[in-house]
Amino acid sequence: MQISFKGRKVAVAGGSRGIGRSIALAFAAEGADVAICARNAQGLEAVEIELKRHGGTVFSAPCDLGEVSAPARFVSGAASAFGGIDILINNASGFGLKDDESGWLASTNVDLMATVRATQAVIPFMEKAGGGVIINISSIFGLMAMPRTLPYAAVKAALVNYTMGQGLALASKRIRINAIAPGSIEFPGGVWDNRKSSDPELYQRTLSKIPWGRFGTPEEIAKVALFLASEMGSWVTGQTIVVDGGQSLA
């Protein structure tokens with residue numbers, strides 16, 4: 001079976017770089033109309049140019065998904081531009097790493113509440129269309145004890161449970177919701193790319209724990225997103241799929 005999203009309408013919350021960018025480009029390459037949002041307006045413009053090369057309709061909007069009204073505003077804007085939304089990707093992260101007030105607020109406001117708000121906003125559009133697909137980006141760190149990044153890990157764990165609950169709650173509406181839990185992903189300007197120079201010891205220690213001997217790529221996460229959103233994933237809902245080259249097994 002060939003994966004095609006011709007005529008499908010996809011919204012990617014947090015789509016200017018890394019995993020979000022790769023997911024947006026993967027859907028566009030398969031014929032989808034794609035909407036993206038992020039705080040970095042310059043980064044959005046660059047990705048918008050890349051998306052348009054695939055020939056579909058593109059909608060982009062600078063926004064801070066940590067603001068209460070921003071997720072619904074993005075979803076409504078994308079739905080207005082496309083005439084609906086079939087697939088929502090909740091990818092944005094506040095990367096709250098420190099166990100202090102700012103760390104917990106960053107992760108809670110962006111990773112969790114932006115996902116909740118975008119999901120609540122998109123459900124009516126998917127109901128009207130007779131169904132849809134939502135994919136949340138969690139992390140393998142939400143599946144294990146991570147004292148080094150307590151807020152980030154705890155909130156990613158909350159996304160796993162939220163995904164299970166919504167998978168059950170939305171099944172009758174023919175809306176499938178799943179999560180992807182990436183392992184350590186490296187890309188230019190990303191966390192692990194920066195760690196090579198800022199904390200080489202941590203970089204090498206993490207690399208040594210990945211059985212495949214390398215960090216993952218954003219494109220490898222995008223491939224799983226395409227599967228989950230396609231008809232090949234039609235009987236999968238409420239699940240969290242680990243994509244980490246065996247890192248969480250080590």
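Buried here means under 20% relative accessible area, exposed means over 50%, and partly exposed is whatever falls in between. Keep that handy for the exercises below, and remember that this is a predicted model.

**Exercise 1. Which accessibility class does Val191 belong to, and which residues make a nonpolar surface patch with Val191?**

Start with the location: Val191 sits in helix H6, residues 191–198. Next, the class: its relative accessible area is 35%, so Val191 is partly exposed. Now the patch: Phe95, Leu97 and Val191 make a nonpolar surface patch of about 220 Å².

Stay with Phe95 for a moment. Phe95 belongs to the loop between strand E4 (87–90) and H4, and at 41% relative accessibility it is partly exposed. To place it against helix H4, take Leu105, which lies in that helix and is partly exposed at 43%. The C-alpha atoms of Leu105 and Phe95 are 10.0 Å apart, with their positions 10 residues apart along the chain.

**Exercise 2. Which residues that are not glycine have a positive phi, at about 50 and about 60 degrees?**

First, the background: most residues other than glycine have a negative phi. Phe95, from the exercise above, goes the other way, with a phi of about 50 degrees. Arg174 is another case, at about 60 degrees. Arg174 is in a loop too, the one between H5 and E6. As for accessibility, Arg174 has a relative accessible area of 58%, so it is exposed.

**Exercise 3. What span should helix H5 have, and what is the distance between its end C-alpha atoms?**

Helix H5 covers residues 150–169, which makes 20 residues. At 1.5 Å a residue, the expected span is 28 Å. The end C-alpha atoms are 29 Å apart, which agrees.

Then ask what is tucked away. Buried residues of H5 include Pro151, Tyr152, Val155, Leu159, Tyr162 and Gln166. Their cover includes helix H4 (101–129), plus strands E5 (132–137), E6 (175–182) and E7 (240–243).

For a look from the H4 side, pick Thr119, a residue of that helix. Its relative accessible area is 0%, so it is buried. Beyond its sequence neighbours up to four places away, Thr119 touches Leu88, Asn90, Ile134, Tyr162 and Gln166. Two of the names there, Tyr162 and Gln166, are buried residues of H5.

**Exercise 4. Where do Lys156 and Asp111 lie, and are they buried or exposed?**

Begin with the pairing: Lys156 and Asp111 form a salt bridge, with the closest N and O atoms 3.1 Å apart. Lys156 is in helix H5 and Asp111 in helix H4, so the bridge ties together parts that are 45 residues apart in sequence. Both partners are buried. Elsewhere, Glu186, Asp193 and Lys196 are joined into one network by salt bridges that share partners.

**Exercise 5. How many salt bridges does the structure hold, and which parts of the chain does the Asp86–Arg8 pair link?**

The total is 10 salt bridges. In one of them, Asp86 pairs with Arg8, and the closest N and O atoms are 3.9 Å apart. Asp86 is in the loop between helix H3 (70–82) and E4, while Arg8 is in the segment before E1; the two are 78 residues apart. Their accessibilities: Asp86 is buried at 10%, and Arg8 is partly exposed at 31%.

For a pair inside one helix, try Glu48 and Lys52, whose closest N and O atoms are 3.2 Å apart. Both lie in helix H2, four residues apart, or about one turn. That spacing makes sense because an α-helix has 3.6 residues a turn, so residues three or four places apart point the same way. Lys52 is partly exposed at 48%.

**Exercise 6. Which residues touch the most other members of the largest nonpolar core?**

This core has 35 residues, and the best-connected ones are Ile23, Phe27, Val34, Leu51, Ile89, Ile135 and Ile180. Elements giving two or more residues to it include strand E1 (9–13), helix H1 (18–29), strand E2 (33–38) and helix H8 (218–229). A second, separate core has 26 residues, among them Ala70, Val75, Leu88 and Ile134.

Finally, zoom in on Ile180. Outside its neighbours within four places in sequence, its contacts include Ile135, Ile137, Ile221, Val224, Leu228, Ile241 and Val243.

Conventions:
Residues numbered from 1 in each chain as written. Predicted model: local features only at pLDDT ≥ 70, side-chain atom pairs only at ≥ 80, totals over all residues. Heavy atoms only, no water. Expected span 1.5 Å × (residues − 1). Buried < 20%, exposed > 50% of the residue type's maximum accessible area, 1.4 Å probe, protein only. Contact = heavy atoms within 4.5 Å. Core = buried A, V, L, I, M, F, W, Y, C linked by side-chain atoms within 4.5 Å. Patch = residues over 30% accessible without salt bridge, like charges linked within 9 Å, V, L, I, M, F, W, Y side chains within 5 Å. Areas by Shrake-Rupley, 256 points an atom, 1.4 Å probe, with all protein chains shown as cover. Salt bridge = Lys/Arg side-chain N within 4 Å of Asp/Glu carboxyl O.
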